[in-house]
Amino acid sequence: MTAVGYDSFSFDVAGRSRPVLRKGDGPAVVVIHELPGPTPEVLSFGDRVAKAGFTAVLPVLFGVPGRPVSRPYLLGEFARVCISREFLCLSRNRASPVTNWLRALCRHAHAECHGPGVGVVGMCFTGGFALALAAEPSVLAPVLSQPSLPLGITASHRSALGVSVEDLERIRDRMAGGSRVLGLRFSEDRFCPRARFERLRRELGEGFEAVEIDSAAGNAAGIDPRAHSVLTMDLVDSPEHPTRQALDRVIEFLRERLREDPAGR
């Protein structure tokens, strides 16, 4: 299993080393893969980021780069990360410890790739990590694609954001200063509940932009009500399809936030 076209390096923080894949040139965009790992679909998204004029930086948190999704692979990695101390599946007011490593990676990527700052795209299990990283000054373009932690066991979990009170206050302050957060979800996605986006709207106000794709039964685009992964597994790569339009909005958002010239020249 390989990540064709990507360079790789090891990044160490406080004795914890992980592989990181890298491709492209320009301001860095840290793409945090979903379960079960950096699948071909996640790598394809990284390709799009690189093609758009950015350096795609893909840390490997779990799984095998390039390995296709299968039910045993998915369930095996889910079980592994759920017992890991680095990932918190049920914590409502605390980010997973792995976000400290990711903050350091964002700072490293900014120093290496220059530009005004970095973008971060979290997906599914890691979607909320992008929100936690929005408290990091180097992060200018956080994207939350179907953020699924904490798991929606209770009503309070379904509306929880998985960040500390202190970080949420920092993020609010950044929103007041002009920062922005982009969120994506399917309307019927039970893993990324509607209540979570309602909470984001309350907490971040105009700083939060939501793209919610209609996946109700009988929707015009024929999207399965069970659809979950906006940018990868459930992406339909047709210009008129809502998922492709969502992907295009992500690229546009990254350009808006990370280009050097505010006029876009």
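Start by selecting Arg-249 and showing its neighbours: leaving aside residues up to four places away in sequence, Arg-249 touches Leu-182, Glu-209, Val-211 and Glu-256. Keep in mind as you look around that this is a predicted model. Is Arg-249 buried or exposed? Its relative accessibility is 15%, so Arg-249 counts as buried, the cut-off for buried being under 20%.

Now widen the selection to residues 242–258. This is helix α8, the home of Arg-249.

Stay with α8 and add the second largest pocket, which has a volume of about 170 Å³. Select its lining: Arg-48, Lys-51, Ala-52, Arg-244, Leu-247, Asp-248, Ile-251, Glu-252 and Arg-255. Which helix gives the most to this lining? That is α8, with six residues. Helix α1 (40–51) also supplies at least two. Try colouring the lining by residue type: six are charged, three are nonpolar and none is polar.

Next, move to the largest pocket, with a volume of about 730 Å³. Its lining has 24 residues, and those nearest the centre are Leu-35, Leu-74, Cys-124, Phe-191 and His-228. Coloured by type, this lining shows 13 nonpolar, four polar and seven charged residues.

For the last stop, select residues 98–113, which form helix α3. From first C-alpha to last, its 16 residues reach 22 Å, close to the 22 Å expected at 1.5 Å a residue. Highlight some of its buried residues, including Val-98, Trp-101, Leu-102, Leu-105 and Ala-109. Residues three or four places apart in an α-helix point the same way, because there are 3.6 residues a turn. Finish on His-114, which follows α3 and has a positive phi, near 65°.

Key. Residues numbered from 1 in each chain as written. Predicted model: local features only at pLDDT ≥ 70, side-chain atom pairs only at ≥ 80, totals over all residues. Heavy atoms only, no water. Helix = DSSP H or I, 4+ residues; strand = E, 2+ residues; numbered from the N terminus. Buried < 20%, exposed > 50% of the residue type's maximum accessible area, 1.4 Å probe, protein only. Contact = heavy atoms within 4.5 Å. Expected span 1.5 Å × (residues − 1). 1 Å grid on protein atoms, 1.4 Å probe; cavity = no way out; pocket = protein on both sides within 12 Å on 5 of 7 lines; lining within 4 Å. Points joined across faces, edges and corners; volume = space filled by probe spheres on them. Nonpolar A, V, L, I, M, F, W, Y, C, P; charged D, E, K, R; others polar.
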